[in-house]
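Please take a moment to look over the model below before reading on. The paragraphs after it are meant to be read with the structure in view.

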Protein chains: 2
Amino acid sequence: MKLTSRSEYALLALVYLARHETEGFISIDVIATAQGIPPKFLEQLMLALKRAHFLRSAKGQKGGYQLAKRPDQISLAEVIRLFDGALAPTESVSLNFYESTPIEKEKKLTKVFKDIRDYVSQKLEKTTIADVIR
Amino acid sequence: MKLTSRSEYALLALVYLARHETEGFISIDVIATAQGIPPKFLEQLMLALKRAHFLRSAKGQKGGYQLAKRPDQISLAEVIRLFDGALAPTESVSLNFYESTPIEKEKKLTKVFKDIRDYVSQKLEKTTIADVIR
DNA sequence: ATAAATCCTATTGGTTTAGTAGGAATTTAA
DNA sequence: TTAAATTCCTACTAAACCAATAGGATTTAT
(Lines give C-alpha, C1' and ligand atoms only; values in the text may rest on other atoms or scores of the structure.)
Protein backbone atom coordinates (compact mmCIF):
# COMPACT_ATOMS: atom_id res chain seq x y z
CA MET A 1 0.00 0.00 0.00
CA LYS A 2 1.12 3.48 -0.85
CA LEU A 3 -0.98 6.42 0.30
CA THR A 4 -1.77 8.97 -2.40
CA SER A 5 -3.00 12.53 -1.93
CA ARG A 6 -6.46 11.28 -2.78
CA SER A 7 -6.61 9.04 0.29
CA GLU A 8 -4.96 11.57 2.53
CA TYR A 9 -7.29 14.38 1.52
CA ALA A 10 -10.33 12.10 1.80
CA LEU A 11 -9.35 11.14 5.34
CA LEU A 12 -8.85 14.79 6.27
CA ALA A 13 -12.27 15.66 4.87
CA LEU A 14 -13.94 12.86 6.81
CA VAL A 15 -12.14 13.90 9.97
CA TYR A 16 -13.37 17.44 9.48
CA LEU A 17 -16.96 16.32 8.93
CA ALA A 18 -16.77 14.07 11.98
CA ARG A 19 -15.59 16.97 14.12
CA HIS A 20 -18.53 19.04 12.85
CA GLU A 21 -21.09 16.27 12.79
CA THR A 22 -23.83 18.30 14.43
CA GLU A 23 -23.62 21.25 12.08
CA GLY A 24 -25.71 20.02 9.16
CA PHE A 25 -24.45 20.15 5.62
CA ILE A 26 -21.01 21.62 5.09
CA SER A 27 -19.80 22.80 1.70
CA ILE A 28 -16.71 21.68 -0.16
CA ASP A 29 -15.26 25.18 0.00
CA VAL A 30 -15.46 25.28 3.78
CA ILE A 31 -13.78 21.89 4.12
CA ALA A 32 -11.20 22.68 1.46
CA THR A 33 -10.24 25.93 3.14
CA ALA A 34 -10.15 24.42 6.61
CA GLN A 35 -8.02 21.43 5.61
CA GLY A 36 -5.96 23.03 2.86
CA ILE A 37 -7.24 20.92 -0.01
CA PRO A 38 -7.62 22.13 -3.63
CA PRO A 39 -11.41 22.54 -3.82
CA LYS A 40 -12.02 21.12 -7.29
CA PHE A 41 -9.90 18.12 -6.40
CA LEU A 42 -11.79 17.62 -3.17
CA GLU A 43 -15.03 17.76 -5.13
CA GLN A 44 -14.13 14.56 -6.94
CA LEU A 45 -13.20 12.84 -3.71
CA MET A 46 -16.44 13.86 -2.03
CA LEU A 47 -18.42 12.52 -4.95
CA ALA A 48 -16.64 9.19 -4.66
CA LEU A 49 -17.20 9.10 -0.91
CA LYS A 50 -20.85 9.83 -1.49
CA ARG A 51 -21.19 7.07 -4.08
CA ALA A 52 -19.55 4.70 -1.61
CA HIS A 53 -22.17 5.73 0.96
CA PHE A 54 -19.85 7.35 3.46
CA LEU A 55 -21.47 10.72 2.82
CA ARG A 56 -24.86 12.28 2.18
CA SER A 57 -25.18 15.46 0.18
CA ALA A 58 -27.61 18.30 -0.40
CA LYS A 59 -27.53 20.42 -3.51
CA GLY A 60 -28.17 24.10 -3.85
CA GLN A 61 -27.68 26.98 -1.49
CA LYS A 62 -27.27 25.77 2.10
CA GLY A 63 -26.23 22.45 0.61
CA GLY A 64 -23.05 20.48 1.19
CA TYR A 65 -22.01 17.18 2.69
CA GLN A 66 -22.39 15.35 5.96
CA LEU A 67 -21.44 11.91 7.20
CA ALA A 68 -23.86 9.14 6.23
CA LYS A 69 -22.40 6.82 8.87
CA ARG A 70 -21.19 7.26 12.40
CA PRO A 71 -17.47 8.04 12.62
CA ASP A 72 -16.88 4.77 14.46
CA GLN A 73 -18.39 2.91 11.51
CA ILE A 74 -15.89 4.28 8.98
CA SER A 75 -12.57 2.47 9.05
CA LEU A 76 -9.38 3.86 7.54
CA ALA A 77 -9.15 0.63 5.55
CA GLU A 78 -12.38 1.25 3.67
CA VAL A 79 -11.41 4.77 2.72
CA ILE A 80 -7.92 3.84 1.58
CA ARG A 81 -9.17 0.85 -0.42
CA LEU A 82 -11.63 3.13 -2.17
CA PHE A 83 -8.98 5.53 -3.40
CA ASP A 84 -5.74 3.55 -3.46
CA GLY A 85 -6.80 -0.05 -3.91
CA ALA A 86 -4.96 -2.89 -2.18
CA LEU A 87 -3.63 -2.50 1.35
CA ALA A 88 -1.19 -5.35 0.69
CA PRO A 89 2.34 -4.41 -0.36
CA THR A 90 1.97 -6.33 -3.63
CA GLU A 91 -1.18 -7.49 -5.36
CA SER A 92 -0.26 -11.17 -5.42
CA VAL A 93 -0.85 -11.29 -1.66
CA SER A 94 -3.96 -9.11 -1.73
CA LEU A 95 -7.28 -10.71 -0.82
CA ASN A 96 -9.42 -7.92 -2.27
CA PHE A 97 -7.33 -6.95 -5.30
CA TYR A 98 -5.48 -10.13 -6.26
CA GLU A 99 -3.30 -10.16 -9.36
CA SER A 100 -0.33 -12.33 -10.21
CA THR A 101 3.15 -10.84 -9.64
CA PRO A 102 6.70 -12.17 -10.08
CA ILE A 103 7.46 -13.15 -6.47
CA GLU A 104 4.44 -15.38 -6.28
CA LYS A 105 6.36 -18.60 -6.79
CA GLU A 106 8.68 -17.90 -3.84
CA LYS A 107 6.62 -19.06 -0.90
CA LYS A 108 8.92 -17.75 1.83
CA LEU A 109 8.87 -14.33 0.22
CA THR A 110 5.11 -14.25 -0.15
CA LYS A 111 4.83 -15.30 3.50
CA VAL A 112 6.70 -12.18 4.59
CA PHE A 113 4.44 -9.95 2.54
CA LYS A 114 1.32 -11.73 3.75
CA ASP A 115 2.41 -11.03 7.32
CA ILE A 116 2.73 -7.37 6.41
CA ARG A 117 -0.63 -7.43 4.68
CA ASP A 118 -2.23 -8.94 7.79
CA TYR A 119 -0.76 -6.37 10.13
CA VAL A 120 -1.72 -3.47 7.90
CA SER A 121 -5.29 -4.62 7.25
CA GLN A 122 -5.87 -5.45 10.87
CA LYS A 123 -4.57 -2.04 11.93
CA LEU A 124 -6.50 -0.02 9.35
CA GLU A 125 -9.63 -2.12 9.67
CA LYS A 126 -9.87 -1.55 13.40
CA THR A 127 -8.97 2.14 13.33
CA THR A 128 -11.93 4.39 12.56
CA ILE A 129 -12.51 8.07 11.99
CA ALA A 130 -13.83 8.19 15.55
CA ASP A 131 -10.40 7.12 16.82
CA VAL A 132 -8.76 9.95 14.93
CA ILE A 133 -10.85 12.90 16.10
CA ARG A 134 -9.82 14.24 19.48
CA MET B 1 5.42 1.00 0.46
CA LYS B 2 4.29 -0.51 -2.78
CA LEU B 3 6.39 -3.25 -4.37
CA THR B 4 7.18 -2.69 -8.04
CA SER B 5 8.38 -5.26 -10.56
CA ARG B 6 11.87 -3.85 -10.12
CA SER B 7 12.01 -4.86 -6.46
CA GLU B 8 10.33 -8.18 -7.06
CA TYR B 9 12.66 -9.14 -9.89
CA ALA B 10 15.70 -7.97 -7.94
CA LEU B 11 14.71 -10.14 -4.99
CA LEU B 12 14.19 -13.12 -7.27
CA ALA B 13 17.61 -12.61 -8.84
CA LEU B 14 19.29 -12.40 -5.43
CA VAL B 15 17.47 -15.51 -4.29
CA TYR B 16 18.67 -17.34 -7.37
CA LEU B 17 22.26 -16.24 -6.84
CA ALA B 18 22.09 -17.23 -3.18
CA ARG B 19 20.89 -20.71 -4.13
CA HIS B 20 23.81 -21.02 -6.56
CA GLU B 21 26.38 -19.27 -4.43
CA THR B 22 29.13 -21.84 -5.02
CA GLU B 23 28.90 -21.84 -8.79
CA GLY B 24 31.00 -18.78 -9.64
CA PHE B 25 29.76 -16.09 -11.94
CA ILE B 26 26.30 -16.56 -13.40
CA SER B 27 25.09 -14.63 -16.43
CA ILE B 28 22.03 -12.44 -16.69
CA ASP B 29 20.54 -14.74 -19.32
CA VAL B 30 20.72 -17.76 -17.05
CA ILE B 31 19.07 -15.90 -14.18
CA ALA B 32 16.50 -14.28 -16.45
CA THR B 33 15.51 -17.61 -17.96
CA ALA B 34 15.41 -19.40 -14.61
CA GLN B 35 13.32 -16.72 -12.89
CA GLY B 36 11.26 -15.55 -15.87
CA ILE B 37 12.57 -11.99 -15.99
CA PRO B 38 12.94 -9.89 -19.18
CA PRO B 39 16.74 -10.05 -19.63
CA LYS B 40 17.39 -6.47 -20.66
CA PHE B 41 15.30 -5.25 -17.76
CA LEU B 42 17.16 -7.50 -15.36
CA GLU B 43 20.42 -6.11 -16.70
CA GLN B 44 19.55 -2.68 -15.31
CA LEU B 45 18.60 -4.11 -11.96
CA MET B 46 21.82 -6.11 -11.70
CA LEU B 47 23.83 -3.01 -12.47
CA ALA B 48 22.05 -1.14 -9.67
CA LEU B 49 22.60 -4.05 -7.27
CA LYS B 50 26.25 -4.08 -8.22
CA ARG B 51 26.63 -0.32 -7.66
CA ALA B 52 24.98 -0.79 -4.26
CA HIS B 53 27.59 -3.47 -3.49
CA PHE B 54 25.24 -6.41 -3.21
CA LEU B 55 26.86 -8.03 -6.26
CA ARG B 56 30.22 -8.54 -7.90
CA SER B 57 30.54 -8.94 -11.64
CA ALA B 58 32.94 -10.28 -14.24
CA LYS B 59 32.86 -9.18 -17.84
CA GLY B 60 33.43 -11.23 -20.95
CA GLN B 61 32.84 -14.87 -21.75
CA LYS B 62 32.45 -16.89 -18.53
CA GLY B 63 31.50 -13.63 -16.86
CA GLY B 64 28.36 -12.83 -14.95
CA TYR B 65 27.34 -11.94 -11.43
CA GLN B 66 27.72 -13.36 -7.95
CA LEU B 67 26.80 -12.17 -4.47
CA ALA B 68 29.25 -9.74 -2.90
CA LYS B 69 27.77 -10.35 0.57
CA ARG B 70 26.54 -13.36 2.43
CA PRO B 71 22.82 -14.00 1.95
CA ASP B 72 22.25 -13.41 5.66
CA GLN B 73 23.77 -9.95 5.28
CA ILE B 74 21.27 -8.81 2.65
CA SER B 75 17.94 -7.70 4.11
CA LEU B 76 14.78 -7.36 2.09
CA ALA B 77 14.55 -3.79 3.41
CA GLU B 78 17.79 -2.72 1.75
CA VAL B 79 16.80 -4.14 -1.61
CA ILE B 80 13.31 -2.65 -1.58
CA ARG B 81 14.58 0.76 -0.47
CA LEU B 82 17.05 0.71 -3.34
CA PHE B 83 14.39 0.19 -5.98
CA ASP B 84 11.16 1.48 -4.47
CA GLY B 85 12.23 4.06 -1.90
CA ALA B 86 10.37 4.48 1.38
CA LEU B 87 9.04 1.47 3.28
CA ALA B 88 6.59 3.75 5.10
CA PRO B 89 3.05 3.99 3.73
CA THR B 90 3.42 7.74 3.19
CA GLU B 91 6.56 9.84 3.06
CA SER B 92 5.63 12.15 5.90
CA VAL B 93 6.23 9.26 8.33
CA SER B 94 9.35 7.97 6.57
CA LEU B 95 12.67 8.24 8.40
CA ASN B 96 14.79 7.65 5.31
CA PHE B 97 12.72 9.46 2.69
CA TYR B 98 10.87 12.15 4.60
CA GLU B 99 8.68 14.61 2.71
CA SER B 100 5.70 16.63 3.88
CA THR B 101 2.21 15.26 3.05
CA PRO B 102 -1.35 16.42 3.81
CA ILE B 103 -2.11 14.18 6.81
CA GLU B 104 0.91 15.43 8.70
CA LYS B 105 -1.05 17.82 10.89
CA GLU B 106 -3.35 15.06 12.17
CA LYS B 107 -1.28 13.47 14.89
CA LYS B 108 -3.57 10.50 15.54
CA LEU B 109 -3.51 9.65 11.87
CA THR B 110 0.26 9.89 11.57
CA LYS B 111 0.55 7.69 14.67
CA VAL B 112 -1.31 4.90 12.87
CA PHE B 113 0.95 5.14 9.87
CA LYS B 114 4.06 5.28 12.01
CA ASP B 115 2.98 2.05 13.66
CA ILE B 116 2.67 0.50 10.22
CA ARG B 117 6.02 1.91 9.20
CA ASP B 118 7.62 0.38 12.30
CA TYR B 119 6.15 -3.04 11.73
CA VAL B 120 7.11 -3.08 8.07
CA SER B 121 10.68 -1.86 8.60
CA GLN B 122 11.27 -4.20 11.47
CA LYS B 123 9.97 -7.13 9.45
CA LEU B 124 11.89 -6.36 6.27
CA GLU B 125 15.02 -5.32 8.11
CA LYS B 126 15.27 -8.61 9.96
CA THR B 127 14.35 -10.85 7.03
CA THR B 128 17.31 -11.65 4.79
CA ILE B 129 17.87 -13.47 1.53
CA ALA B 130 19.18 -16.35 3.65
CA ASP B 131 15.76 -16.68 5.27
CA VAL B 132 14.11 -16.93 1.90
CA ILE B 133 16.18 -19.68 0.29
CA ARG B 134 15.12 -23.18 1.29
C1' DA C 1 -34.13 35.70 -11.08
C1' DT C 2 -29.87 34.95 -8.91
C1' DA C 3 -26.50 32.97 -6.21
C1' DA C 4 -24.65 29.00 -4.15
C1' DA C 5 -24.01 24.70 -4.13
C1' DT C 6 -23.49 19.70 -5.95
C1' DC C 7 -23.04 16.75 -10.10
C1' DC C 8 -20.39 14.93 -13.84
C1' DT C 9 -16.99 14.31 -17.42
C1' DA C 10 -13.16 15.65 -19.95
C1' DT C 11 -8.66 17.41 -20.26
C1' DT C 12 -3.96 18.33 -19.00
C1' DG C 13 0.90 18.23 -17.49
C1' DG C 14 4.02 15.78 -15.10
C1' DT C 15 5.96 11.57 -13.26
C1' DT C 16 6.60 6.79 -12.89
C1' DT C 17 6.71 2.16 -14.59
C1' DA C 18 8.14 -1.45 -17.33
C1' DG C 19 10.35 -2.28 -20.40
C1' DT C 20 13.34 -2.06 -25.33
C1' DA C 21 17.40 -0.68 -28.20
C1' DG C 22 21.86 -0.42 -29.26
C1' DG C 23 26.51 0.52 -29.01
C1' DA C 24 31.11 0.33 -26.15
C1' DA C 25 34.24 -2.30 -23.49
C1' DT C 26 36.11 -6.59 -21.80
C1' DT C 27 37.31 -11.38 -21.64
C1' DT C 28 37.60 -16.18 -23.14
C1' DA C 29 38.35 -19.59 -26.37
C1' DA C 30 38.94 -21.39 -30.99
C1' DT D 1 43.86 -12.93 -34.00
C1' DT D 2 39.36 -13.09 -34.42
C1' DA D 3 34.69 -14.32 -32.95
C1' DA D 4 31.52 -15.02 -29.35
C1' DA D 5 29.84 -14.03 -24.98
C1' DT D 6 29.36 -11.21 -21.67
C1' DT D 7 28.87 -6.78 -18.75
C1' DC D 8 28.51 -1.68 -19.01
C1' DC D 9 25.93 2.40 -19.92
C1' DT D 10 22.63 5.63 -21.70
C1' DA D 11 18.83 6.86 -24.20
C1' DC D 12 14.37 6.04 -25.65
C1' DT D 13 9.36 4.75 -25.54
C1' DA D 14 4.57 3.48 -24.62
C1' DA D 15 1.33 3.12 -21.21
C1' DA D 16 -0.45 4.07 -16.93
C1' DC D 17 -1.05 6.86 -13.00
C1' DC D 18 -1.28 11.14 -10.30
C1' DA D 19 -2.71 15.63 -9.06
C1' DA D 20 -4.96 18.54 -10.31
C1' DT D 21 -7.97 22.13 -13.44
C1' DA D 22 -11.97 23.40 -16.43
C1' DG D 23 -16.44 24.02 -17.42
C1' DG D 24 -21.05 23.08 -18.14
C1' DA D 25 -25.55 20.93 -16.13
C1' DT D 26 -28.57 20.62 -12.34
C1' DT D 27 -30.71 21.75 -8.03
C1' DT D 28 -32.19 24.65 -4.21
C1' DA D 29 -32.73 28.68 -1.07
C1' DT D 30 -33.55 33.40 -0.88
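What follows goes from the two protein chains to the DNA strand and its surroundings.

It is worth keeping in mind throughout that this is a predicted model. A good place to begin is with the two protein chains, since chain A can be superposed on chain B by a rotation of 180° with 0.0 Å of shift along the axis, leaving an RMSD of 0.1 Å. That is the relation of a two-fold axis, and the two copies use the same surface, because of the contact residues of chain A, 100% recur in chain B.

Turning now to DNA strand C, one finds that 28 residues surround this strand, and that the closest are E43(A), S57(A) and Y65(A) together with K40(B) and Q44(B). Sorted by character, the residues of this surface comprise 7 nonpolar, 11 polar and 10 charged ones.

Which part of the strand lies within 4 Å of the protein, sugar and phosphate or bases? Of the strand's atoms within that distance, 65% belong to sugar or phosphate, while the rest belong to bases. Several side chains have a polar atom by a phosphate oxygen of DNA strand C: for Y65(A) the distance is 2.4 Å, for S57(A) it is 2.5 Å, and for Y9(B) it is 3.2 Å.

The elements that contribute two or more residues to the surface near DNA strand C are, in chain A, α3 (39-51), β1 (55-58) and β2 (64-67), and, in chain B, α1 (5-19) and α3 (39-51). Of these, α3(A) gives the most, with 6 residues.

Notes. Residues numbered from 1 in each chain as written. Chains lettered and ligands numbered in written order. Predicted model: local features only at pLDDT ≥ 70, side-chain atom pairs only at ≥ 80, totals over all residues. Heavy atoms only, no water. Near = heavy atom within 4 Å. Polar contact = N/O pair within 3.5 Å; in protein donor to acceptor, adjacent residues only side chain to side chain. Helix = DSSP H or I, 4+ residues; strand = E, 2+ residues; numbered from the N terminus. Nonpolar A, V, L, I, M, F, W, Y, C, P; charged D, E, K, R; others polar. Least-squares fit on C-alpha atoms with pLDDT ≥ 70 in both. Contact = heavy atoms within 4.5 Å.
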